[in-house]
Amino acid sequence: MVSALPLPRLQTREFSSIKVITDESLRDVCGVRMGFTGREGGVSVQEFSSLNVGSHVGDQFIAVLENRHRVLRALDAEGVSLLVPKQVHGTRVLSVHNAEEADRAQETVREGVDALVVSCEDVAAMLCFADCVPIILVAPSGAFSVVHAGWRGVAARIVEGAVTDLAAVNGEDPAGFNVYIGPHIHSCCFEVSQEVHNQFEAEFGSDCCPDETHVDLGIALRSSLTKAGVSPLRIADANICTSCNTDAYFSYRAAEGKCGRQAAVAVRLSAKMASLAPEERND
């Protein structure tokens, strides 16, 4: 029998040198480890300092691999299969239901995917961010989704597609999903063109447009999520603006395009993997 999830609660936890915003209650209820990282605790240098997980930004690839390894280690997930999509600001949602599909998915994610739904154990989904909105959805069964939503993705309602695909896995009601929104650029710093402003106002209502030049992506996403059947009580937001907090987070706008990426990551460990010591997981 699948147990209901506790209401979501985001807290910052420190694992070795890495701070992760996470909900540790998921581990005991459905086995999911999840979190949002910042920029501290890695090995990258200069503008990528230090926990850059993006391989497409000009950082040394060996440093990126070590940083990703550190993130997985913080979640006790060393040795699992890892999917890190190329993000293209589209609406494609890729579902992975077993280890064989995960192996085949590696080629697909290199082509371009902006959301992953994972229903099997020992497969981690990691997406990269530096102002766009990171979203993690968790179902009571332990299936989960990690979503990348820039303004184009929010406007195209990618999160609704992820909710629909996650619900289809085990026939679960989205009203029971927990949704976590990670650090992203907030309306105070997200100035947009008149065209984009008008698009959001028409699509999501005036609440997401605090003035004539700014848009609140978080409010727009809440509109999408509730439309897809998610309970407002089950949406937790880290309430951190990346552009206002560049000491702790990468911000594409604040850095004028030259910066690293932080991660949104989730995984459900099998009982066997969870029982192994870290040094045994890569054997």
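Reader: Where along the chain is Ala-130 found, and is it buried or exposed?

Author: This is a predicted model, and in it Ala-130 is found in the loop between β7 and β8. To decide between buried and exposed, one looks at the relative accessible area, where a value under 20% counts as buried and a value over 50% as exposed. Ala-130 has a relative accessible area of 7%, and is therefore buried.

Reader: Which residues does Ala-130 touch, apart from those up to four places away in sequence?

Author: Contacts of this kind show which parts of the chain come together, and a contact here means heavy atoms within 4.5 Å. Ala-130 touches Phe-250, Ser-251 and Tyr-252, and it also touches Cys-259, Gly-260, Arg-261 and Gln-262. For a pair with a given separation in space, take Ala-130 and Arg-222, which are 92 residues apart along the chain and whose C-alpha atoms are separated by 20 Å.

Reader: What is notable about the phi angle of Asp-131, and where does this residue lie?

Author: The point to look for is the sign of phi together with the residue type, and Asp-131 has a phi near 135°, a positive value in a residue other than glycine. Asp-131 is found in the loop between β7, residues 123-129, and β8, residues 133-138. Because its relative accessibility is 7%, Asp-131 counts as buried.

Reader: What is the phi of Glu-256, and is Glu-256 buried or exposed?

Author: Glu-256 is not a glycine, yet it has a positive phi of about 55°. Its place is the loop between β11, residues 235-237, and β12, residues 262-268. With a relative accessible area of 76%, Glu-256 is exposed, whereas Asp-131, as we saw, counts as buried.

Reader: Which two residues are joined by a cis peptide bond?

Author: The angle to read is omega, and for the bond that joins Ser-49 and Ser-50 omega is about -5°, so that this peptide bond is described as cis. Ser-50 itself is found in the loop between β3, residues 32-37, and α2, residues 61-74.

Reader: How many aromatic pairs does the structure hold, and which residues form a pair?

Author: The structure holds one aromatic pair. Phe-200 and Phe-204 form this pair, with 5.5 Å from centre to centre and 35° between the planes. Planes under 30 degrees apart would count as stacked and planes over 60 as edge-to-face, so the pair of Phe-200 and Phe-204 is called tilted. Both residues lie in helix α6, which covers residues 194-204, and they are four residues apart, about one turn of the helix. Both Phe-200 and Phe-204 are also buried.

Reader: In which helix does Glu-160 lie, and which residues beyond four places in sequence is it in contact with?

Author: Glu-160 lies in helix α5, residues 158-170, and it is buried, with a relative accessible area of 13%. Leaving aside its neighbours within four places in sequence, Glu-160 is in contact with Ser-224, Lys-227 and Ala-228.

Reader: Are Asp-28 and Leu-233 buried or exposed?

Author: Asp-28, which lies in helix α1 at residues 25-30, is exposed with a relative accessible area of 71%. Leu-233 is found in the loop between α7, residues 217-227, and β11, and at 66% relative accessibility it too counts as exposed. An exposed residue can still have contacts, for Leu-233 is in contact with Leu-7 and Pro-8 when its neighbours within four places in sequence are left aside. The C-alpha atoms of Leu-233 and Gly-176, which are 57 residues apart along the chain, are separated by 9.9 Å.

Reader: How many helices and strands does the whole chain have, and what share of its residues is buried?

Author: The protein chain has eight helices and twelve strands, and buried residues make up 55% of its 283 residues. Contacts can be sorted by their distance along the chain, and of those with a separation of 6 or more, 65% are between residues 24 or more positions apart.

Reader: Why does the radius of gyration of the protein chain agree with that of a compact globule?

Author: The idea is to compare the value with the one expected for the chain length: with 283 residues, a compact globule would have a radius of gyration near 19 Å, and the protein chain has 18 Å, which agrees. Along the principal axes, its C-alpha atoms fill a box of roughly 55 × 45 × 35 Å.

Methods. Residues numbered from 1 in each chain as written. Predicted model: local features only at pLDDT ≥ 70, side-chain atom pairs only at ≥ 80, totals over all residues. Heavy atoms only, no water. Helix = DSSP H or I, 4+ residues; strand = E, 2+ residues; numbered from the N terminus. Rg over C-alpha atoms; globule rule 2.2 N^0.38 Å. Buried < 20%, exposed > 50% of the residue type's maximum accessible area, 1.4 Å probe, protein only. Phe/Tyr/Trp six-rings, centres within 6.5 Å; stacked < 30°, edge-to-face > 60°.
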